[in-house]
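Dear colleague,

Please find below the structure that I am handing over to you. My findings follow directly after it.

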Amino acid sequence: MKKTLTWMALFVILVCGIDAGRYAFEHDPDMYSGFNQDVVSLYNNPDVYDLEHVEGVEDVIIAENLQKTMAANNVAAVVFDFRGFDTMGESFILLTAIAGCFTILGKASLFGTIPDKKKKEEAKA
Amino acid sequence: MILVNYMASVFLIVLGLYTVCTRKNLIKVVLGLGIVDYGVNMLIVSFGFREGGTAPIYQMSDLLNGVAPGFFVDPVPQALTLTSIVIGACVDAMALSLVIMIYRAYKSINADDVRRLRG
Amino acid sequence: MKFRDGIEEKNVIVKCGADIFLPFAIVFGLYVILFGTVSPGGGFQGGVIVGSAVLLLYLGYGLKVLAKIINTEALRINEALGATVYVVLGLLGIIFGCNFCRNVFYSNGAVGDLVSAGTITFMSWAVGYKVLTGVSFLLILMLGLLRDDEEEEQKEGKTE
């Protein structure tokens, strides 16, 4: 009984997911098609950009990137400058995970002795 | 906007959910948790694709010689996926540490044996 | 199983493979961290590549050599140092101008230079250093659990 219920639930989720994927493929939103974005002119004179005909956040970021950061790598500029607060939170989660693993595994690793070995040595002596 | 990417991501998410629900070995459950993360990351990156676009980096050799590269693909979903990958790795590390300590205490990793709390 | 200076010598082929690939891993990882703003890559990607050098060292030489070479207390302290440097660089924006994580000096040179991006370059270096030491520490922590198996193998090897 439980097995058939699990299979049915997973099948329903799969069918709904495939339908959502097909819907997202057919009705993609009309923002930032990118066809009116000339990269060569943006590199040669980065001071001239107009913010009146924008089509989303990505258009603003790519148009303003060279003038505000002078970095050739757009992804690094987005990660460290436009969204630097998220990167700070992600550094903290790395620190927390390593501290948690050290707390859980502390005695059994290279930094301590295992309690079973201590009992064996005490039993022999 | 690639159709195959969307189908593959949904298939990976459902496969990970199936592994978490029906497997008894604890290490397989942790692996299924990781597979859900990989599927979600691929879905996020696939949302930012534009047809005919190239990677969002100014290449010095192309621009100085005068070859026009066209326009860029979205850089924002790629930046958000970097954080998501690191979070997935941290969750996997902590879950596997818990499985190691469970094995040392109970001497087995079958989910049916470690159900009851011992007094 | 051969013994040399009291430490068991593993496969010769694995040891030679680790010898060849170890400098490539370290140098390529440091290149990806340093040139984070000019070529694809950055802090996180380069840090994980350097962290794989610890794994190669364990596969080629065993656990005792690993514990003798690498100072794990220094790794743990330097990881916190990397996080602190990142937060200090973010507070520079409040000291100079208006908001947190603001690019305060970004117009020293052309676009393709290394230090032309301002605080982005230094933040990338700090995060790369933090991920480098953090992943190495995590790997040593988890590989140290195999201490019992290596001691049993050494006892079996000596009695044979």
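A:Met70 sits in the loop that links α3 (57–69) to α4 (74–82) of chain A. Please bear in mind that the model is predicted. The phi angle of A:Met70 is near 55°, which is a positive value in a residue other than glycine. As to its surroundings, A:Met70 has 23 other C-beta atoms within 10 Å; the threshold for a buried residue is 20 or more, and A:Met70 is therefore classed as buried.

A positive phi also occurs in chain B, at B:Lys107, where the angle is near 65° and the residue is again not glycine. B:Lys107 belongs to the segment that follows α4 of chain B. Here the count of other C-beta atoms within 10 Å is 9; a residue with 12 or fewer is exposed, so B:Lys107 falls into the exposed class.

The second topic is the interface. Contacts between the chains involve 38 residues of chain B and 38 residues of chain A. On the side of chain B that touches chain A, α1 (3–22) and α4 (76–106) of chain B each contribute at least two residues. The largest share of that side comes from α4(B), with 15 residues. By residue class, the side of chain B that touches chain A comprises 29 nonpolar, 6 polar and 3 charged residues.

In brief, the two residues described above are A:Met70, which is buried, and B:Lys107, which is exposed.

Yours sincerely

Conventions
Residues numbered from 1 in each chain as written. Chains lettered and ligands numbered in written order. Predicted model: local features only at pLDDT ≥ 70, side-chain atom pairs only at ≥ 80, totals over all residues. Contact = placed C-beta atoms within 7 Å. Helix = DSSP H or I, 4+ residues; strand = E, 2+ residues; numbered from the N terminus. Nonpolar A, V, L, I, M, F, W, Y, C, P; charged D, E, K, R; others polar.
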